[in-house]
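Visitor: I have just started learning to read protein structures. Could you show me one and explain the words people use for it?

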Amino acid sequence: MKASKIVAVYGSPRRKGNTATLLKKAVEGARDAGAQVEEIVLRDLKMSPCLEIYGCNKAGECRLKDDFQQARDHILAAQGLMLASPVFFYTVSAHTKILMDRFQSLWVKKYWVEQTRKDQPKLHRKGLFIAAGATQGKKLFDGILLSLRYFFDVIDMELWKALLYRGLDFEGDVLKFPQYLDEAYQAGKQFAETIGNESKI
Ligand SMILES: Cc1cc2nc3c(=O)[nH]c(=O)nc-3n(C[C@H](O)[C@H](O)[C@H](O)COP(=O)(O)O)c2cc1C
């Protein structure tokens, strides 16, 4: 049987930060459940922000040639995406936002080039999202979840689960909360199992 494919995207500039540690746990869980997991560390990629030149408006293909194309192809070839980002000014990190913005080329492909109707969503991919922020505010994740919703729409993805952690600031803070690490591991495992079961149907 072919293993289901999941892409794990690390959106923090910190390699060993809170969200990276949590995502590593989710990756471990997904692998233990038999999934094939490709890891992408955004800070290692050379990716320009969207320059809004709309070179994509003929065929939906971004004209800027850099590491975006490879990241996009991996994400679109996978049945699941596990994305982790810290909260930066109430939204995702700049690294994560650059990736999201470059997917505007796919939005153009869907809605301008292929004229896909917005009321006909094809949600065939699933996403697990992990975020951490320093404060305890009630609205801490409101901005990030809104950005995520519209990004997921472009890549035909439904939000399967969001693990959102408040009160984590310094690198290593998350290690004081083994229950968060366990939750991330279990979520990764269940995510892979859910995707695996669906691909058998
Ligand atoms: C540029 C920047 C902006 C931030 N903005 C917020 C914020 O708006 N709200 C918040 O609670 N924490 C904010 N933080 C704190 C981070 O969200 C927090 O340290 C988080 O745990 C970092 O996750 P990481 O270790 O995975 O990078 C900010 C940190 C930085 C560096």
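**Reading the words against the values**

Guide: Let us begin inside the sheet: Val 7 has Leu 81 in β3 as its bridge partner. A word on the source: this is a predicted model, where local features need pLDDT of at least 70 and side-chain atom pairs count only at pLDDT 80 or more, while totals for chains, interfaces and linings use all residues. Residues are numbered from 1 along each chain as its sequence is written, and side-chain values use heavy atoms, with hydrogens and water left out.

Visitor: What makes β1 and β3 a pair?

Guide: Two strands (E runs in DSSP of at least two residues) pair if DSSP finds at least two bridges between them. β1 (residues 5–10) and β3 (residues 80–86) have five bridges, in the parallel sense, so they meet the definition.

Visitor: Why are β2 and β5 called edge strands?

Guide: The open sheet has five strands in the order β2-β1-β3-β4-β5, with parallel pairing. β2 and β5 each pair on one side only, so they are the edges.

Visitor: Why is Glu 52 called exposed?

Guide: Exposed means over 50% relative accessible area, buried under 20%, and partly exposed in between (1.4 Å probe, protein chains only). Glu 52 has 61%, so it is exposed. Glu 52 sits in the loop between β2 (36–41) and α2 (68–77), and has a positive phi of about 55 degrees although it is not a glycine.

Visitor: And Asp 156, buried or exposed?

Guide: Its relative accessible area is 11%, so Asp 156 is buried. Asp 156 lies in the loop between α5 (142–154) and β5 (157–165), and its phi is also positive, near 55 degrees, in a residue other than glycine.

Visitor: How do you know that Arg 14 makes a polar contact with the ligand?

Guide: A polar contact with the ligand is a pair of N or O atoms within 3.5 Å. A polar side-chain atom of Arg 14 is 2.7 Å from a ligand oxygen atom, so this pair qualifies. Backbone N or O atoms also lie by ligand oxygen atoms, at 2.8 Å for Asn 18 and 3.4 Å for Ala 132. Taken alone the ligand exposes 640 Å², and the protein buries 78% of that (areas by the Shrake-Rupley method with a 1.4 Å probe).

Visitor: Which residues come nearest to the ligand?

Guide: Of the 17 residues around the ligand (a heavy atom within 4 Å), Ser 12, Arg 14, Thr 19, Val 87 and Leu 168 come nearest.

Key. Helices (H or I, at least four residues) and strands (E, at least two) are DSSP runs, numbered from the N terminus. A polar contact is a pair of N or O atoms within 3.5 Å; within protein, one must be able to donate a hydrogen and the other to accept it, and residues adjacent in sequence count only if both atoms are side-chain atoms.
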